[in-house]
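Here is a walk through the side chains that hold one protein model together. Have a look at the fold, then read on.

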Amino acid sequence: QVQLVESGGGLVQAGGSLRVSCAASGRTFTMSRMGWFRQTPGKEREFVAAIRWSGGSTYYTDSVKGRFTISRDNAKNTVFLQMNSLKPQDTAVYYCAADINYCLVYGCYAAANSYAYWGQGTQVTVSS
């Protein structure tokens, strides 16, 4: 089992920056990838970014490319999402996810149902 705890959400003005973190504990040595998803009321959970734990390859949805950066600290079993140039449409609950299975294609990284472990979420609100 892997436990995930997000932190760092909050309120920021449009154009500002925010960094959210996700600390993993438990059987972290089994993790192959971690990702960030976001969800707004009435909508499905949306893929934001993912990182392969070994090697550090990263994947992003088009709407955040160039603005968001996912990174990891292997020693601390923590993944970060640095969000710059934030827009009101980035407002959502951001969830961290992890899984032990490797992905070979982008579609796997971006599929919420390919992740077994989830955090409780952290609210990010971008005001206009």
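Rings of Phe, Tyr and Trp, using the six-membered ring of Trp, pair up if their centres lie within 6.5 Å. Keep in mind that this is a predicted model.

## Aromatic pairs

With that cut-off in hand, the structure comes out with six aromatic pairs. One of them is Tyr-59 with Tyr-109: the ring centres sit 4.0 Å apart with the planes at 15°, so this pair is stacked. Tyr-59 belongs to strand E6 (residues 58-60) and Tyr-109 to helix H1 (residues 106-109), so the stack ties together parts that are 50 residues apart in sequence. The two partners sit in rather unlike surroundings: Tyr-59 is partly exposed, with a relative accessible area of 22%, whereas Tyr-109 is buried at 1%.

Ring pairs also build a cluster, which takes in Phe-37, Phe-47, Tyr-106, Tyr-115 and Trp-118. Trp-118 has a charged visitor too: the charged end of Arg-45 sits over its ring, 4.8 Å from the centre. That same end of Arg-45 also sits over the ring of Tyr-95, 3.7 Å from the centre of that ring.

## Disulfides

Which cysteines are joined to each other? The structure holds two disulfides. In one, Cys-22 is bonded to Cys-96, with an S to S distance of 2.1 Å. The torsion about that S-S bond is about -80°, so the disulfide is left-handed. Cys-22 comes from strand E3 (residues 18-26) and Cys-96 from strand E9 (residues 92-99), so the bond ties together parts that are 74 residues apart in sequence. Both ends are out of sight: Cys-22 is buried at 0% relative accessible area, and Cys-96 is buried at 0% as well.

The other bond joins Cys-103 and Cys-108, whose sulfur atoms are 2.0 Å apart. Its S-S torsion is about -55°, so this disulfide is left-handed too. Cys-103 is buried, with a relative accessible area of 3%, while Cys-108 is partly exposed at 21%. If you number the bonded cysteines in sequence order, the pairing reads 1-2, 3-4.

## Nonpolar cores

In soluble globular proteins, nonpolar side chains tend to be buried together. Here the largest nonpolar core has 29 residues, and the members that touch the most others are Leu-4, Met-34, Trp-36, Val-79, Leu-81, Met-83 and Tyr-94. The elements giving two or more residues to this core are strands E1 (2-7), E3, E4 (33-39), E5 (46-52), E7 (68-73), E8 (78-83), E9 and E11.

There is also a second, separate core of seven residues, and its members include Phe-47, Ala-97, Tyr-109 and Tyr-115. Some of these names have come up before: Phe-47 and Tyr-115 are part of the ring cluster, and Tyr-109 is a partner in the stacked pair with Tyr-59.

## Two buried polar residues

Is Thr-122 buried or exposed? At 10% relative accessibility, Thr-122 counts as buried, because the cut-off for that is under 20%. You'll find Thr-122 in strand E11 (residues 122-127). A polar atom of its side chain lies 3.2 Å from the backbone nitrogen of Gly-9. Leaving aside neighbours within four places in sequence, the contacts of Thr-122 are Glu-6, Ser-7, Gly-8, Gly-9, Val-20, Ala-92, Val-93 and Tyr-94.

Ser-32 sits in the loop between E3 and E4, and at 1% relative accessibility Ser-32 counts as buried. A polar atom of the Ser-32 side chain lies 3.3 Å from the backbone oxygen of Ile-100. Ser-32 and Arg-52 are 20 residues apart in sequence, yet their C-alpha atoms are 6.1 Å apart in space. Beyond neighbours within four places in sequence, Ser-32 is in contact with Ile-51, Arg-52, Trp-53, Ser-54, Asp-99, Ile-100, Asn-101 and Tyr-102.

## Backbone oddities

Which residues have a positive phi although they are not glycine? Asn-77 is one of them, with a phi of about 50°, and it lies in the loop between E7 and E8. Ser-85 is another, also with a phi of about 50°. Ser-85 is in the loop between E8 and E9 and, at 42% relative accessibility, counts as partly exposed.

Conventions: Residues are numbered from 1 along each chain as its sequence is written. This is a predicted model: local features need pLDDT of at least 70, side-chain atom pairs count only at pLDDT 80 or more; totals for chains, interfaces and linings use all residues. Side-chain values use heavy atoms; hydrogens and water are left out. Rings of Phe, Tyr and Trp (its six-membered ring) pair if their centres lie within 6.5 Å; planes under 30 degrees apart count as stacked, over 60 as edge-to-face and the rest as tilted. Helices (H or I, at least four residues) and strands (E, at least two) are DSSP runs, numbered from the N terminus. Buried means under 20% relative accessible area, exposed over 50%, partly exposed in between (1.4 Å probe, protein chains only). A charge sits over a ring if NZ of Lys or CZ of Arg is within 6 Å of the ring centre and within 35 degrees of the ring normal. A polar contact is a pair of N or O atoms within 3.5 Å; within protein, one must be able to donate a hydrogen and the other to accept it, and residues adjacent in sequence count only if both atoms are side-chain atoms. Contact means heavy atoms within 4.5 Å. A disulfide is a pair of cysteine sulfur atoms within 2.5 Å. A nonpolar core is a set of buried Ala, Val, Leu, Ile, Met, Phe, Trp, Tyr and Cys residues joined through side-chain atoms within 4.5 Å.
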